[in-house]
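Colleague: I have a chain to look at before I go back to the bench. Can you take me through the model, one question at a time?

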Amino acid sequence: MHRKLQNIFYEARDPQLTWDDIGGYADVKQTLKEMVCLPLQKPELIARHNLGLPAGVMMWGPLGTGITMLAEACASEAGVSFVYVSGQEMLGKHAELQEAFDTALHEAPCILFVSDCEWLAPRAGCDYEWSPGNRRAVPPTFADRELTRLFIEQVDRINRHPEVRLLGSCYRIDTVDQALIKEKKRFNRKVFVHPPELEDRLGMLDIYMDRMPNLAPGIDRRAIAEAAEGFVGWDIESLCKRATVNAIKADQEQVTAEHFRQALREVRPFLTPDMVKKYWEIRETDCPHHYEF
């Protein structure tokens, strides 16, 4: 599900999406409930237990897995406003970036979500290759040093206000400026939105197939999910659309299992095996402490 931002660069809104709108990722949802929602729901109890709060939480993982939707669902769960800043759209817009953080303070209590942090604060000299010759999804451009400096300043400013919970996202944690994720007062916690596994893909399929009005009965969804290795949410959506197109081309009233089998041969998965391997290598070599409350 994609939604156009009202102000192009950022927007504040009442959250509409919930966990049920996002297929799979039961483990990620549970972690977000603890790290992001709990501090907004039970701040006094957390203080009485002397449990320190995460400063900012960085979600990272493949594109097309619903990270922005997960952020909005956090706001729904916590019952607060949702302020969404598009890191891509903020390039070259210094005044608007500060304005977005001002808006978050005005909207408090709220969740402030900044997407594409690797665009705003890239790590100098990092290697974007998944394997020799594979540079899929490398950001095409980055913020200038002045905008990066301003972004980090705004992160420091917003984290003085615990009623604003800061969430960020990036597609690879090793491509983000270390000043943003190593400093304890900035994004000091991480959530790995891993490449979709079988149960995640099955959950995504359920979301999209349940919306299809002319689905033939008895289709083995688990078999489709097993065959959809490397698919992210975007691909699952494309798969369902492709199967429907195949039914229409054949002048058939129902979308059948055969239409899905044909679609599986036609839709190219976003994730290649070397990308999946690299994601897990990065996660396994990262400090485990950063993934705990």
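Colleague: How far apart should the ends of helix H6 (residues 145–158) be, and what is the span in the model?

Modeller: This is a predicted model, and the values below are computed from it. H6 has 14 residues, and at 1.5 Å a residue, counted over one less than the number of residues, the helix should span 20 Å. The end C-alpha atoms agree with that, as their separation is 20 Å.

Colleague: Which residue caps the N-terminal end of H6?

Modeller: The backbone nitrogen of Glu 146 has a side-chain oxygen 3.2 Å away. Polar contacts are counted within 3.5 Å. The oxygen that caps the helix belongs to Asp 144.

Colleague: Which residues of H6 are buried, and what covers them?

Modeller: Buried here means under 20% relative accessible area. The buried residues of H6 include Leu 147, Leu 150, Phe 151, Ile 152, Val 155 and Ile 158, and also Thr 148, Gln 154 and Asp 156. Their cover includes helix H4 (94–107), strand E4 (110–115), helix H5 (117–120), strand E5 (164–170) and helix H7 (178–181).

Colleague: What does UniProt place at residues 57–193?

Modeller: Over residues 57–193 the chain is 35% helix and 20% strand. The C-alpha atoms at the two ends of this stretch are 12 Å apart. An unreviewed UniProt entry gives the feature there as "domain: ATPase AAA-type core".

Colleague: How is the chain divided, and what distance separates the centres of the domains?

Modeller: Domain 1 takes in 10–195 + 275–286, and domain 2 is 198–266. Domain 1 brings 11 residues to the contact and domain 2 brings 8 residues. Taken over C-alpha atoms, the separation of the two centres is 31 Å.

Colleague: Where does the largest nonpolar core lie with respect to the two domains?

Modeller: This core has 51 residues, and those that touch the most other members are Leu 32, Met 59, Ile 111, Leu 167, Met 209, Leu 239 and Phe 260. Helix H3 (residues 67–78) gives the most, with 8 residues. Because domain 1 and domain 2 both give residues to the core, it lies between them.

Colleague: Which residues does Phe 260 touch?

Modeller: Contact means heavy atoms within 4.5 Å, and residues up to four places away in sequence are not counted. On that basis Phe 260 touches Met 209, Met 212, Leu 215, Ile 219, Ile 224, Leu 239, Cys 240, Ala 243 and Val 255.

Colleague: Is Lys 277 buried or exposed?

Modeller: Lys 277 sits in helix H12 (residues 273–285). Its relative accessible area is 55%, and the cut-off is over 50%, so Lys 277 is exposed.

Colleague: Which peptide bond is cis, and where is its proline?

Modeller: The bond from Ala 108 to Pro 109 has omega near 0°, and is cis. Pro 109 is in the loop between H4 and E4.

Colleague: What is the phi of Asn 50, and what is that of Ala 137?

Modeller: Asn 50 is in the loop between helix H2 (43–48) and strand E2 (56–60), and counts as exposed at 69% relative accessibility. Ala 137 is in the loop between H5 and H6, and is partly exposed at 28%. Neither Asn 50 nor Ala 137 is a glycine, yet phi is positive: about 55° for Asn 50 and near 70° for Ala 137.

Notes:
Residues numbered from 1 in each chain as written. Predicted model: local features only at pLDDT ≥ 70, side-chain atom pairs only at ≥ 80, totals over all residues. Heavy atoms only, no water. UniProt positions renumbered as here; feature names shortened; annotations may be inferred. Helix = DSSP H or I, 4+ residues; strand = E, 2+ residues; numbered from the N terminus. Buried < 20%, exposed > 50% of the residue type's maximum accessible area, 1.4 Å probe, protein only. Polar contact = N/O pair within 3.5 Å; in protein donor to acceptor, adjacent residues only side chain to side chain. Core = buried A, V, L, I, M, F, W, Y, C linked by side-chain atoms within 4.5 Å. Domains from an automatic or database assignment.
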